[in-house]
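Below are some numbered remarks for a colleague who is opening this structure for the first time. Please read them with the structure in view.

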Amino acid sequence: MLIALIILAIALAATATLYIKERGKSDRLRRELSATSDDYKSDVQTLTERIEAAEKNATTLSRSAETLRHTVESREQESNRLRSSLEMSKMRRIDIIQSLVALENTMFTDAGHIKTMFSDFFLLNKPFETVGGDFYKFISDGERILAACGNCGVSGEVGLIKGLQNVAMLEDITRKNRLADLQAGEILDHLRTKYARIAEHSDNRRSDGEDVPVNFTVCIIDQKQRTLSYAGAYGSLCLIRKAYPGTNRREVDVHEYRGDRMNFAVSFGRRKNYTTEAIELEKDDKIYLKTDGYANQRGGSSNARYGDQYLRQLLMKHANEPMLEQKKAYEAEFDNWRGQNRGNDILIIGLALKVAGK
């Protein structure tokens, strides 16, 4: 009996020990499971927060994208409006230029009309832009020929408008005065008076002469009487004459008349009258009217001005060639000298005179 009790006690003790061990394992597993569950809940919470933040960011990006789309559409509409406006402005500018060119062809003397006065001549009128500020005019009364040219100091449409204004002034002077009664200097005096009146009626009276031509050359040619009346307001005239008249030698001399060194600005008070030079013409004389664009062109290896001296030498070099061949030579020389530099408006008029009785 005692043995049985002892065995039972041992069995109970073993069972209790096993139960305690299993209970410990169970508690440990429960704690581990609880910790794992807490970590899982924390991960789920973190993931949920990230998803919510991503959804907010996606909403913000969507709104930003929508705003950007509206901005792009607005900019495209504005760009199309500006493009349309620019096209309209371009078309208007083209219309203006075409109208000015048509007016230029009407008011400037065309080559066909010049040919009725001079059988051998050239007209090198080369604006840097589509149109320019160099102008010229020929007017004849049947015996005498008025030849004039000048430079307004500005290119483009503004320059052409100013050039047309000067041509209109010349025409007005010759309508009111006979060429037979005019000297070249008197024409410049009349022009200066017109500019003075313009300044008197202007709200912006300038004293620096900005609104007047940079240079102006006038000559009245009477080939029958063998005379030439010349005057210049910073405008020069070149006369090329045979060095040995009456012979077959081809050497020539060049005579440059530089005129008065004063323009038409009137704000400094009344100035002296322009000087008229009377030149007696001879057989085979050639005259050249020019503005300052050719001589002022920068170029060459030193980017220097071409210069008046080199231009005179160029005129002498080609003086014995037909006028149209001279024109080609001067144009080629100009383009070669200019190179890649910005060009000037250039105007050179060459006239081979036919002096009567010589």
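1. Helix α4, in this predicted model, covers residues 184-200 and has 17 residues. From its first C-alpha to its last the helix reaches 25 Å, which is close to the 24 Å expected at 1.5 Å a residue.

2. Which residues of α4 are buried? They are Ala184, Gly185, Ile187, Leu188, Asp189, Leu191, Arg192, Lys194, Tyr195 and Ala196, a list in which Asp189, Arg192 and Lys194 appear alongside Ile187, Leu188 and Leu191. As background to such a list, an α-helix has 3.6 residues a turn, so residues three or four places apart point the same way. The elements against which the buried residues of α4 pack are the strands β3 (145-151), β4 (215-222) and β5 (227-233), together with helix α3.

3. The pairing of α3 with α4 can be described in more detail, since the axes of these two helices come within 10 Å and cross at roughly 120°. An angle from 65 to 115 degrees would count as roughly perpendicular and one over 145 as roughly antiparallel, and α3 and α4 are therefore oblique to each other. The crossing in which α3 passes α4 is right-handed. On the α3 side the residues that meet α4 are Gln165, Asn166, Met169, Leu170, Asp172 and Ile173, while α4 contributes Ile187, His190, Leu191, Lys194, Tyr195 and Ile198.

4. Helix α3, which spans residues 156-176, also matters for the next topic, the nonpolar cores. The largest of these cores has 58 residues, and those with the most contacts inside it are Phe118, Phe138, Phe216, Ile287 and Leu351. Its largest share, six residues, comes from α3. A second core, separate from this one, has 18 residues, including Cys238, Tyr306, Leu314 and Tyr330. In soluble globular proteins, nonpolar side chains tend to be buried together.

5. For the protein as a whole, there are seven helices and 12 strands, and buried residues make up 35% of the 358 residues. When contacts between residues at least 6 apart in sequence are considered, 72% of them join residues at least 24 apart.

6. Met107 is a residue of helix α1, which runs over residues 2-107. Is Met107 buried or exposed? Its relative accessibility is 15%, and because the limit for a buried residue is under 20%, Met107 counts as buried. Beyond residues up to four places away in sequence, Met107 touches Lys137, Leu164, Val167, Ala168 and Glu171. Its C-alpha is also 9.9 Å from that of Phe135, although Met107 and Phe135 are 28 residues apart in sequence.

7. Leu311 is placed in helix α6, residues 308-317, and is buried, with a relative accessible area of 2%. If neighbours within four places in sequence are left aside, Leu311 is in contact with Lys290, Tyr294, Tyr306 and Ile348; of these, Tyr306 was named above as part of the second core. Tyr330, another residue of that second core, is 19 residues from Leu311 along the chain, and the C-alpha atoms of Leu311 and Tyr330 are separated by 9.1 Å.

8. Lys272 offers a contrasting case, as this residue lies in the loop between β7 (252-257) and β8 (277-280) and counts as exposed at 55% relative accessibility. What does Lys272 contact, apart from its neighbours within four places in sequence? The partners are Arg192, Asp260 and Met262, and Arg192 is one of the buried residues of α4. A further α4 residue in the buried list is Asp189, whose C-alpha is separated by 9.1 Å from that of Lys272, with their positions 83 residues apart along the chain.

9. Two loop residues deserve a look for their backbone angles. Tyr234, in the loop between β5 and β6 (237-242), has phi near 55°, a positive value in a residue other than glycine, and with a relative accessible area of 38% it is partly exposed. Asp284, in the loop between β8 and β9 (286-290), has phi near 70°, again a positive value in a residue other than glycine, and at 36% relative accessibility Asp284 counts as partly exposed.

Methods:
Residues numbered from 1 in each chain as written. Predicted model: local features only at pLDDT ≥ 70, side-chain atom pairs only at ≥ 80, totals over all residues. Heavy atoms only, no water. Core = buried A, V, L, I, M, F, W, Y, C linked by side-chain atoms within 4.5 Å. Buried < 20%, exposed > 50% of the residue type's maximum accessible area, 1.4 Å probe, protein only. Helix = DSSP H or I, 4+ residues; strand = E, 2+ residues; numbered from the N terminus. Expected span 1.5 Å × (residues − 1). Contact = heavy atoms within 4.5 Å. Axes fitted to C-alpha atoms, helices over the stretch in contact; angles between N-to-C directions. Parallel < 35°, antiparallel > 145°, perpendicular 65-115°, else oblique. Left-handed = near helix turned anticlockwise from the far one by under 90°.
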